[in-house]
Structure formats: structure tokens, C-alpha cells
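Me: I am new to this structure and would like to get to know it step by step. Could you walk me through it?

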Amino acid sequence: MRTVLVTGPGGAGRTTLAAASALAAAAHGRRTLLVSAEPIPGFPGGPEPTEVTDRLDHARIDSGAHFRAELTELQQRASGVLDLVGAGRLDGEELTELPGSPQLALLHTLHRAAAGDWSTGGYDTLVVDLPPLDQALPLLALPEQLRRYLRRLLPAERQAARALRPVLAQLAGVPMPAQWLYEAAARKDAELAAVQALLEDSSTTLRLVAEPGPAAEDALRTARTGLALYGLRADLLVANRVLPRHSSDPWFADLAARQEKCLGHWHEEWAPGVPVHEAAHLGRDPRSADDLAALAVPAPDERESGRADDPWWIEEEPGEEGRPSVLAWCLPLPGAAKEDLRLVRRGEELLLTVGPFHRIVRVASALRRCTVSGAALTDGVLRVRFTPDPALWPRTS
């Protein structure tokens with residue numbers, strides 16, 4: 001299944017362009033499912049896939065219902081512990097969403113798509129309307145991060161000692177985690193793994209939507225760095241609400257000139273790797289399928305490849321006189337600034353912070369017996385230098 005994730009700076013019209021992309025895919029004969037959290041004029045608003053047009057279904061995410069269902073299920077599974085401490089149960093009617101629940105609801109919806117819960121539709125294309133750009137990129141990194149937290153807090157190997165928990169509880173004087181907790185962690189890890197696999201699949205790409213202007217330029221410049229860090233690739237940049245080039249009105253002419261200047265920068269910075277499509281301003285908000293078709297958004301190309309297997313590569317650099325050669329672990333970070341970089345080596349992991357983005361990656365196997373000897377950002381490529389440590393290598397006879 002071809003997956004297209006749509007996002008952009010807030011107010012740029014990403015939901016509208018997500019709907020236009022889904023319609024374009026359906027018009028090319030592909031069975032398409034559009035998933036969004038925002039209402040779309042003329043589209044059904046139910047949580048289950050409902051037909052919009054021939055070959056196009058729409059499902060709207062209900063984060064409130066998902067939050068209530070998850071917390072109710074958690075109370076049922078932890079009923080023994082709650083009864084033991086005399087805790088009162090919360091009814092579904094009194095449960096209100098907490099911050100972060102929309103993101104978790106979206107991940108749950110992606111899991112349903114990845115697990116084939118909607119396979120009866122026989123979908124060829126999945127179009128997902130993501131939150132605004134500053135929220136979307138951290139969200140795409142969330143499955144990997146949450147799985148790491150689960151492995152650290154509830155490592156699977158501890159389940160082997162479940163027969164010893166009563167003894168350990170007596171020795172430690174505190175209750176050991178119950179089996180249901182490990183089972184719940186394993187279940188969530190499997191769900192997150194399915195979502196992570198969907199996001200990392202080579203048929204998954206990101207479609208960016210922005211209205212030409214200085215604020216959008218800054219947001220997209222920052223986004224390029226985040227995309228590279230997380231190993232994602234955009235397949236299209238849609239410049240939305242583009243005004244006519246020529247106007248007799250001085251105010252509109254000036255605004256159009258500023259848009260044209262911004263578009264020139266985008267064509268230079270993003271193309272040819274990422275085509276830039278200019279969607280004309282309709283003079284009104286799109287309200288129908290005909291309005292969406294008038295934006296002439298290209299359908300997702302089934303042949304497009306999304307995420308590379310590994311955005312890192314290793315280069316060997318000659319060492320100084322009398323010193324061994326150095327291995328450089330390289331990662332392209334276009335738009336990154338040296339003052340925004342922070343690197344920490346912790347065991348077999350590298351903690352990397354670039355501006356607002358944060359990622360923890362396992363050090364390549366060839367570098368785990370090396371020590372970090374420096375790092376440099378040159379021409380948009382971060383090179384972390386590793387020097388072989390003789391103390392970590394087996395001795396030869």
C-alpha cells in the first residue's frame with residue numbers, strides 16, 4: 001500500500017491538499033483511504049471508512065473516543081491492583097482528553113491501517129492528514145522513542161523471572177510488576193512496531209504544503225533538517241494559494257511579487273529532488289470535489305521511493321602521522337547550524353539533538369569498538385569521527 005503523509009505549517013491548507021491528493025489518487029484508478037482529524041467540507045465524518053466518491057473513502061479520527069476506550073480498558077486490566085488499594089473507577093462519561101491524546105489516536109489509526117483492519121476496502125493508497133509541521137515531525141519519531149522507553153522500563157528478558165517474583169517481592173519489600181503489565185507492554189510494543197514499519201517503509205513519503213512567504217520559508221528550512229535526521233523524504237512540495245503573477249492592483253501585485261520570490265527559492269532549494277507544485281488561489285476556500293480538483297494536485301506516484309534504508313554512511317579518513325586512520329560516521333543535515341548541534345555518546349547509542357529535533361540511534365557495529373574523537377558539520381553533512389580503541393579489540397596471537 002502506498003502511504004502519503006501530508007503536513008505543513010499551520011494555516012497553510014494541509015487538510016484541503018490532503019483531500020485533493022486523495023481525490024487525485026482515486027481519479028487515477030487507485031482505491032484510496034483518506035484519514036484526517038479535521039472535518040472536510042462535503043466529506044463524511046465517521047470514524048470508520050465511508051465512501052466519498054468512487055474509489056475514495058474517508059475516516060475521521062475521534063481522539064476523545066480513543067482516549068476513553070484506552071483508559072477504560074486499562075482500568076479493566078488493572079482491576080486487581082485498583083481494588084487492592086481501594087481506588088474508585090472512572091466512568092467513560094467523566095473522562096476528558098489529556099494533552100497528547102490526539103497524537104496517540106493518530107498512531108492507533110495508523111496501526112489499524114498497517115495491521116490490515118481496513119483490508120476489506122482493498123486500498124492501494126493511504127493518505128494521512130498529519131498535524132501542523134512543528135508537531136508532525138516529532139510525532140513521526142514517536143513510535144521509535146516509545147519502543148525504546150518500553151524496552152528500558154520493562155525489558156522483555158525480565159519476564160523469564162516471573163516465577164521468582166513472589167520471592168523477590170519478599171526480599172525487596174515492594175511488589176513486583178504484575179504479568180498483565182508485561183503483557184500490555186508487549187502488546188503496545190507490537191502495535192508501535194507496526195506503525196514504525198509503516199513509517200519506515202520505502203513506499204511511504206511525506207507531502208509538504210505551504211503558502212509562499214517568509215514564515216513558511218523558515219519553517220520548511222527547519223523541516224529539511226528534521227526530515228534528514230529521521231530518514232524521511234518528501235515527494236512533493238505544494239505551494240498553496242498562489243496569486244496570479246500580473247495584477248493591476250498595486251497591493252496584489254506586491255504580494256504576488258513576494259510570493260514569486262519565495263517560489264524561486266523553493267524551486268532552487270528543493271527541486272529537482274522534490275518537485276514544487278503551485279496550487280492557484282481560487283479566491284475562496286475549496287468547498288467541493290470540483291474545487292479540490294481545480295487545484296490540480298498530482299496523484300502520488302506508485303513508483304516513488306520514500307525512506308532510504310539507512311541515511312548514515314561510513315567514510316575512512318587518514319589519521320595524522322603515526323596515528324591510525326579515523327572512521328567518520330556521516331549524516332546529511334541540510335540547513336543545520338553548528339550552534340544547534342549536540343552530541344552525546346552513551347554506550348552503544350548516540351544521542352543527537354539538532355535544533356528542535358532529537359533522535360537516539362544505535363552506533364553502527366563497525367564503530368562500537370571505537371571512541372568518539374570529534375565531530376564536524378561541513379557542507380550540510382555531520383561527520384562524527386571515531387578512533388579505534390585497542391583496548392576494545394581482541395588481541396591477536
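Reply: Gladly! This is a predicted model, and a good place to begin is a pair of side chains, R31 and D57, which meet in a salt bridge at 3.1 Å, N to O.

Me: Which parts of the chain does the pair R31 and D57 tie together, and how many residues apart are they in sequence?
Reply: R31 sits in the loop between α1 (14-27) and β2 (32-36). D57 belongs to strand β4 (residues 56-60). The pair therefore ties that loop to β4, parts whose separation in sequence is 26 residues.

Me: Is D57 buried or exposed?
Reply: The cut-off for buried is under 20% relative accessible area. R31, at 23% relative accessibility, counts as partly exposed. D57 has 6% relative accessibility, so D57 counts as buried.

Me: How many salt bridges does the structure hold?
Reply: Side chains of opposite charge can pair when their charged atoms come close. One of the pairs here is R284 with D291, at 2.6 Å from N to O. For the structure, the number of salt bridges is 19.

Me: How does the accessibility of R284 and D291 work out, and which residues are joined into one network?
Reply: R284 has 47% relative accessibility and counts as partly exposed, while D291, at 9%, counts as buried. Elsewhere, salt bridges that share partners make one network. Its members are R2, R207 and D235.

Me: Which helix holds both D218 and R221?
Reply: These two side chains form a salt bridge, with their closest N and O atoms 3.2 Å apart. D218 is partly exposed at 46% relative accessibility, and R221 is partly exposed at 34%. They lie 3 residues apart, about one turn of the helix, and that helix is α8 (residues 214-230).

Me: Is α5 roughly parallel or roughly antiparallel to α8?
Reply: Two packed helices are described by the angle between their axes and the distance between the axes. For α5 (residues 133-153) and α8, the axes come within 11 Å and cross at roughly 5°. Angles under 35 degrees count as roughly parallel, so α5 is to α8 roughly parallel.

Me: What kinds of residues make the contact of α5 with α8: nonpolar, polar or charged?
Reply: From α5 come L133, L137 and A141. From α8 come A219, L220, A223, G226, L227 and Y230. Sorted by kind, the contact has no charged residues, 1 polar and 8 nonpolar.

Me: Which strands are the edge strands of the open sheet with the order β9-β10-β15-β14?
Reply: This sheet has 4 strands, and the pairing is antiparallel. On average, neighbouring strands are turned by 25° against each other, direction ignored. An edge strand here pairs on one side only, and the edge strands are β9 (313-317) and β14 (370-378).

Me: Which residue in β10 stands opposite W313?
Reply: β9 and β10 (residues 326-332) run antiparallel, and 5 bridges join them. Opposite W313, in β10, stands C330.

Me: Stepping back, what percentage of the residues in the protein is buried?
Reply: The secondary structure comes to 10 helices and 15 strands. Among contacts between residues at least 6 apart in sequence, 68% join residues at least 24 apart. Of the 397 residues in the protein, the buried ones make up 41%.

Conventions
Residues numbered from 1 in each chain as written. Predicted model: local features only at pLDDT ≥ 70, side-chain atom pairs only at ≥ 80, totals over all residues. Heavy atoms only, no water. Pairing = 2+ DSSP bridges. Helix = DSSP H or I, 4+ residues; strand = E, 2+ residues; numbered from the N terminus. Axes fitted to C-alpha atoms, helices over the stretch in contact; angles between N-to-C directions. Salt bridge = Lys/Arg side-chain N within 4 Å of Asp/Glu carboxyl O. Buried < 20%, exposed > 50% of the residue type's maximum accessible area, 1.4 Å probe, protein only. Parallel < 35°, antiparallel > 145°, perpendicular 65-115°, else oblique. Contact = heavy atoms within 4.5 Å. Nonpolar A, V, L, I, M, F, W, Y, C, P; charged D, E, K, R; others polar.
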